[in-house]
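Please open the structure in your viewer and keep the selection tool at hand. The tour below proceeds from one selection to the next and describes what is found at each stop.

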Amino acid sequence: MEALLKEAPKVNHHLDHMPNMLVCENLQKVYPTPTGDYVVLDDLQLEIKQSEFVSIIGHSGCGKSTLLTMIAGLNEISGGTIYVDGEPVREAGPDRAVVFQSPSLLPWLTALQNVLIGVKQVFPSASKAEKLEICKYYLDKVGLGNDFHKKATELSQGMQQRVGIARAFALKPKILLLDEPFGMLDSLTRGELQDVLLEIWQKEKITAVAITHDVDESIFLADRVIMMTSGPYAKIGDELVIPFARPRNRKEVLEHPEYYDYRAYLLNFLNH
Amino acid sequence: MCRGWCERVTVTAAPLHLPYLHTAKAIIPTTHITLHMKTKIIKTLRFIGLGFLEPLIRLISGEEPQKNASLFLKKAILPVASIFIFVLIWHTGATALYNSEASARIEKARTEQGEAAATAMKACIESGDISCQPNTLPSPAKVWAAYKALWADHVQIAQKKEEFQSKVAATNEQRAAQGLAPITYTGRPSFVDQIGTSLKTVAAGFLLAMFIAVPIGIIMGLSDSLRTAFNWLIQIFKPVSPVVWLLLVFMIVKTLITDPTMDKSFIISFISVGLCAMWATLVNTSMGVASVDKDYINVAKVLKLNIGQNIFKIILPASLPLIFTGLRITVSVAWMVLIAIELLAQSPGLGSFVWEEFQNGANDSNAKIIVAMFVIGTIGFLLDRIMLSVQNLMTFNKTTA
């Protein structure tokens, strides 16, 4: 374990030349309760480079989802500032696309319409054909095949989440926020969707932040795993750079001689 | 040509061949096409609320005869049996009431006019003479006779109307050319005409309720303060009796409409129906809008939809199921209060039909009132079924099988 710590780099050197895309400064989240304030996050500092894929793990209730919704602008910031591409976050917007834990597709629309509603917002001046092309490109990429015109309710959970991923990428966001995106899926589907996500991410290289409580998922997806301490007063406890080459292949990652060292390191953090 | 449900049919049909070899014999001759048709028919039946016929269809096509036969017995025969028992009890009760009224009449004649009058009265009642029939709850047979009489009356009036139309057709053409209003039939309306008038009133009232309640419900659903502000008013007005609404509308309409050519009683009755019936839609719409899934709201926020897009693309579609539940309640309330309102507003329709029959006290008046009762019930049931189908059409949460 000690050997690994010395070897494992703390910085992703291949991203050295990249500017910071996301910066959290002295971030704080307080929920007022009748018995006094409940401080979820306190004095949290975080810097994420452009094109970096970061996963955040921690125990349930540690505030990792709170952090993500604050970055998305869906949750009020109690103290400190979040900068996205240098601009402070004030409200939600399509530059920070979110893939929610439940697919949250609009059930009265088809898969295509669900993606199109976002594309229309982001590319208002594009022609109808161009908009459709964007939607179809991403739906095709996530493997929706011939089901473009199926109602969201006619699709399985896994298929719905694929549409959710396509909807997020089609917005061409600066940051992709994934809130336990595969938490509700069975392990087989989860693996498939991780591959789909990485494949499409490999092409776009959009800065991504994924919340997860699955150690293997966090290693497989990310360039850097951020470990949060348990709340209240949660903050970043430790971080681990995952230097595996991309594009990643599940088999290669699992067979990597250091894979179990990284896994043990993360588990060790979570169990203390 | 038939993507989607074709595939599903083949999938459901496939496993039948393996585990149930004996039923497979019955299945194999029915071709792919009839399987389609059966699925389609069952789907349609379920959709229009006649789902109880489903086992019969399956039985006819030879699918699991024992199971479907007992299902059909349960779903169709039991309700029919209960209707039969109801009619039987009604018949027994009506006969008992008839006998008790008859003996009271005979007894009265005896104490007031003596034995001879009593015998005469007894003979008169037994002869079925109209002048001395006991006036009480009519038996099912009498109601059936009254129904036939009403229908015959309708056929007669319809014929008269037609004759009248053909007579004045030429004159009306001339009048139309001169810019005059056509001559219309002003004779007595038949029972069926009264039903038509009632349906028209209820439709107008329902539309009024919808156009008032849905927009206000949406606005209230969007704003927490508005909901709090109007909550008390709604709670106070909701339980107010139709009769009081009618009087209130009467006060206003009487002052506002001075044009004698306008049909005031129709206006008063449909506005009253609308005001009585709109509350369910109002409450349901505001509740539906206020309780839209938080995930959808978050999607709208991330996409930065403006207020108009937010309402028409997210909030309204998401609350449609609840809005239609409200509209369904509104229709049934509208139909229920209609009779009372027509009765008081002296607006033509089933309500005034019932009231007139009650007032004129003819020999078959009671039976005609019971006929009206069944007609009102049946139409109410049909309206509810129609609204249920529309509501099913609007519900997206269910996977359409």
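In this predicted model, a search of the whole structure for cavities of 30 Å³ or more finds one. The space inside this largest cavity comes to about 70 Å³. To display its lining, select Ala97(A), Val98(A), Phe100(A), Arg167(A), Ala168(A) and Leu171(A), and then add Val299(B), Val302(B) and Leu303(B). Colouring by element is helpful here: strand 6 (96-99) and helix 5 (157-170) of chain A, and helix 12 (294-302) of chain B, each give two or more residues to the lining. By residue class, the lining of the largest cavity holds eight nonpolar residues, one charged residue and no polar residue.

Next, remain with chain A and colour it by domain. Domain 1 consists of two segments, 2-89 and 175-270, while domain 2 covers 96-172. The C-alpha centres of these two domains of chain A are 25 Å apart. Where they meet, 27 residues of domain 1 are in contact with 19 residues of domain 2.

The following stop is the largest nonpolar core. Which residues have the most contacts inside it? Select Phe53(A) and Leu67(A), which hold that position in a core of 155 residues. Then turn to chain B and highlight helix 13 (residues 307-345), which supplies the largest share of this core, 15 residues. A second, separate core has six residues, among them Ala102(B), Ala118(B), Cys124(B) and Cys132(B).

Return to Phe53(A) and show its surroundings. Leaving aside residues up to four places away in sequence, Phe53(A) touches Leu178(A), Leu197(A), Leu198(A), Trp201(A), Ala208(A), Ala210(A), Leu221(A) and Ala222(A). Asp223(A), Arg224(A) and Arg246(A) are also touched by Phe53(A).

The final stop is the second largest pocket, which contains about 440 Å³ of space. Select Pro134(B), Asn135(B), Thr136(B), Lys142(B) and Asn363(B): of the 25 lining residues, these lie nearest the centre of the pocket. Four helices of chain B give two or more residues to the lining, namely helix 5 (65-113), helix 7 (140-178), helix 14 (350-360) and helix 15 (365-394). Domain 2 (77-129) and domain 3 (189-394) of chain B each provide at least three residues of the lining. How do the lining residues of the second largest pocket divide into nonpolar, polar and charged, and how many are there of each? Twelve are nonpolar, 10 are polar and three are charged.

Conventions
Residues numbered from 1 in each chain as written. Chains lettered and ligands numbered in written order. Predicted model: local features only at pLDDT ≥ 70, side-chain atom pairs only at ≥ 80, totals over all residues. Heavy atoms only, no water. 1 Å grid on protein atoms, 1.4 Å probe; cavity = no way out; pocket = protein on both sides within 12 Å on 5 of 7 lines; lining within 4 Å. Points joined across faces, edges and corners; volume = space filled by probe spheres on them. Nonpolar A, V, L, I, M, F, W, Y, C, P; charged D, E, K, R; others polar. Core = buried A, V, L, I, M, F, W, Y, C linked by side-chain atoms within 4.5 Å. Buried < 20%, exposed > 50% of the residue type's maximum accessible area, 1.4 Å probe, protein only. Contact = heavy atoms within 4.5 Å. Domains from an automatic or database assignment.
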